[in-house]
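Here is a short tour of one protein chain. Keep the 3D view open and follow each stop.

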Amino acid sequence: MINSKTFLQFDASRVPSPCFVVDEVAVENNLKVLDYVQQQSGAKILLALKAFSMYSLAPLVGKYLHGTCASGLHEARLGHEEFTSGKAGKGEVHTFSAAYTEQDLAEILKISDHVVFNSFGQWQRFQPLIQAAKAQRPELEFGLRVNPLHSEGAEPIYDPCAPGSRLGIPYPEFAGKSLEGITGIHFHTLCEQAFEPLARTLDQVEKHFADILPKLKWVNFGGGHHISKPDYNVEGLIERIKAFQAKYDVQVYLEPGEAIAIHSGVLVSEVLDLTFNAMNLAILDSSATCHMPDTIEMPYRADIIGAGEKDELEHTYRLGGQTCLAGDVMGDYSFAQPLQIGQRLMFDDMSHYTMVKTTTFNGIGLPSIALWNSQTDVLRIIKEFGYDNFKSRL
């Protein structure tokens with residue numbers, strides 16, 4: 001099913017290939033849904049840069065959201081330097097890492113508003129740095145990531161609560177620990193999921209941290225919330241946030257990434273060659289492993305605008321990339337007409353967890369990045385990449 005509806009009439013020949021094309025109107029529509037949740041619930045929503053770091057849209061994001069959340073120093077710097085404005089003024093920067101180096105943390109403490117730790121060990125080890133930073137910036141807030149040991153994830157690779165997970169402090173580890181200096185907790189248990197898994201997770205958080213919650217100033221519900229998906233129970237989320245904030249007198253934060261960029265972009269690709277080996281094969285200038293690795297890691301099959309499932313339409317092809325990896329395959333797709341060399345294809349829903357994950361394996365070039373306005377039809381090429389981007393990494 002094609003979700004990025006605005007691209008049904010987009011002319012893929014207008015951009016270089018391969019190229020990520022993002023519709024800023026679709027992004028803004030997602031942001032409006034998130035802002036509605038903020039206005040109705042009182043929660044604050046942050047953009048998770050790990051999913052969508054397109055800082056050319058920072059002014060637009062700042063109109064609706066309160067800031068960004070980072071997974072380490074480089075994302076924190078990007079949030080601090082580029083996403084400077086937020087809905088309430090200055091764009092907030094929240095940072096969490098599974099573990100900090102001393103040198104990174106020293107810099108993070110200068111530019112973040114909330115810093116969240118993944119263990120009591122690091123929280124205690126870095127107290128000299130923390131206290132020095134707090135003396136310079138009394139407004140700094142510190143939190144701990146918790147693990148409620150409640151799994152809702154369908155794929156273990158994306159389940160932070162899977163047995164043996166390194167993410168979050170399991171609730172039994174809190175027994176006898178001092179929380180002096182801690183003003184909030186953070187949990188992240190979802191991956192592109194609906195409200196109901198969050199509700200069940202909150203039940204466990206409230207159960208296991210009942211003695212801690214009344215002492216806090218804020219609770220961060222993390223990401224993985226598909227809030228802007230059409231069938232998401234937005235009103236249920238609003239009511240649960242309002243009840244939670246009222247019960248514990250805390251500020252709730254959410255930090256979705258995919259919800260900002262879902263259904264807002266495509267990856268334009270070109271057919272380079274047509275071959276045959278037991279079935280029709282097409283080699284593209286894009287790569288599953290280099291340009292859309294989640295299709296292999298999840299795994300899942302990305303839709304193509306105008307294409308069908310295998311054998312659904314008259315002409316079926318297996319689509320693959322240029323790399324030497326035998327598994328660099330997007331999947332089997334069918335088309336009403338035979339593919340032609342030079343033909344452009346558009347992979348759907350390619351804004352989130354794509355640009356942030358691209359690699360130059362095999363020396364494959366990175367896709368260009370373009371911004372399109374589906375209302376005005378204005379198109380801008382934001383960035384193009386070349387040999388230096390490959391060479392400079394090695």
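## Helix α8

This is a predicted model. Start with helix α8 and check its length. The helix has 15 residues, and at 1.5 Å a residue it should span 21 Å. The end C-alpha atoms of α8 are 21 Å apart, so the expected span and the model agree.

Which residues of α8 are buried? They are V234, G236, L237, I238, R240, I241, F244, Q245 and Y248. These buried residues pack against two helices, α1 (24-41) and α7 (195-208). They also pack against β11 (218-220) and β12 (251-254). After the helix comes D249. The phi of D249 is positive, near 55°.

## The nonpolar cores

The largest nonpolar core has 91 residues. Within this core, F117, F221, L319 and F347 touch the most other members. Helix α8 (residues 234-248) gives the core its largest share, six residues. A second core is separate and has 13 residues. Among them are I2, F7, V268 and I305.

Now pick out F221. Which residues does F221 contact, leaving aside neighbours within four places in sequence? Its partners are F187, L198, L202, I241, F244, V252, Y253 and L254.

## Helix α1

Helix α1 passes the length check too. Its 18 residues, at 1.5 Å each, should span 26 Å. The end C-alpha atoms of α1 are 26 Å apart, so the check agrees. At the start of this helix, a side-chain oxygen of D23 comes within 3.0 Å of the backbone nitrogen of V25. Just after the helix, G42 has a positive phi of about 90°.

The buried residues of α1 are V25, A26, V27, N30, L31, L34, D35, V37, Q38 and S41. They pack against the strands β1 and β2 (44-48). They also pack against the helices α2 (58-64), α8 and α9 (258-261).

## Aromatic rings

The structure contains 17 aromatic pairs. One of them joins F7 and W372, with ring centres 5.0 Å apart. Are these two rings stacked, tilted or edge-to-face? Their planes meet at 50°, so the pair is tilted. A stacked pair would need planes under 30 degrees apart, and an edge-to-face pair over 60.

The F7 and W372 pair links distant parts of the chain, 365 residues apart. F7 is in the segment before β1 (19-23), while W372 is in strand β18 (residues 368-372). Both F7 and W372 are buried. Elsewhere, Y100, F117, W123 and F142 form one aromatic cluster.

## Charges over rings

Two arginines lie over rings. R145 lies over the face of F96, at 4.9 Å from the ring centre. The charged end of R301 sits over the ring of Y333, 4.0 Å from the centre.

## H94 in strand β6

H94 belongs to strand β6 (residues 92-96). Is H94 buried or exposed? Its relative accessible area is 4%. Buried means under 20%, so H94 counts as buried.

The side chains of H94 and E92 share a polar contact of 2.7 Å. Not counting residues up to four places away in sequence, H94 touches L46, T68, C69, A70, H114, N220 and Y253.

## T323 in a loop

T323 sits in the loop between β15 (315-320) and β16 (329-335). With a relative accessible area of 9%, T323 is buried. What does the side chain of T323 reach at 3.3 Å? It reaches the backbone nitrogen of L325. A polar contact of 2.6 Å joins the side chains of T323 and D328.

D328 is also one of the contacts of T323 beyond four places in sequence. The others are S287, T289, C290, F361, N362 and I364.

## L371 in strand β18

The last stop is L371, in strand β18. L371 is buried, with a relative accessible area of 1%. Leaving aside neighbours within four places in sequence, L371 contacts V22, E24, M54, L57, V378, L379, R380 and I382.

How far apart in space are L371 and A88? From C-alpha to C-alpha they are 26 Å apart. In sequence, 283 residues separate them.

Notes:
Residues numbered from 1 in each chain as written. Predicted model: local features only at pLDDT ≥ 70, side-chain atom pairs only at ≥ 80, totals over all residues. Heavy atoms only, no water. Core = buried A, V, L, I, M, F, W, Y, C linked by side-chain atoms within 4.5 Å. Buried < 20%, exposed > 50% of the residue type's maximum accessible area, 1.4 Å probe, protein only. Helix = DSSP H or I, 4+ residues; strand = E, 2+ residues; numbered from the N terminus. Contact = heavy atoms within 4.5 Å. Expected span 1.5 Å × (residues − 1). Polar contact = N/O pair within 3.5 Å; in protein donor to acceptor, adjacent residues only side chain to side chain. Phe/Tyr/Trp six-rings, centres within 6.5 Å; stacked < 30°, edge-to-face > 60°. Lys NZ or Arg CZ within 6 Å of the ring centre and 35° of its normal.
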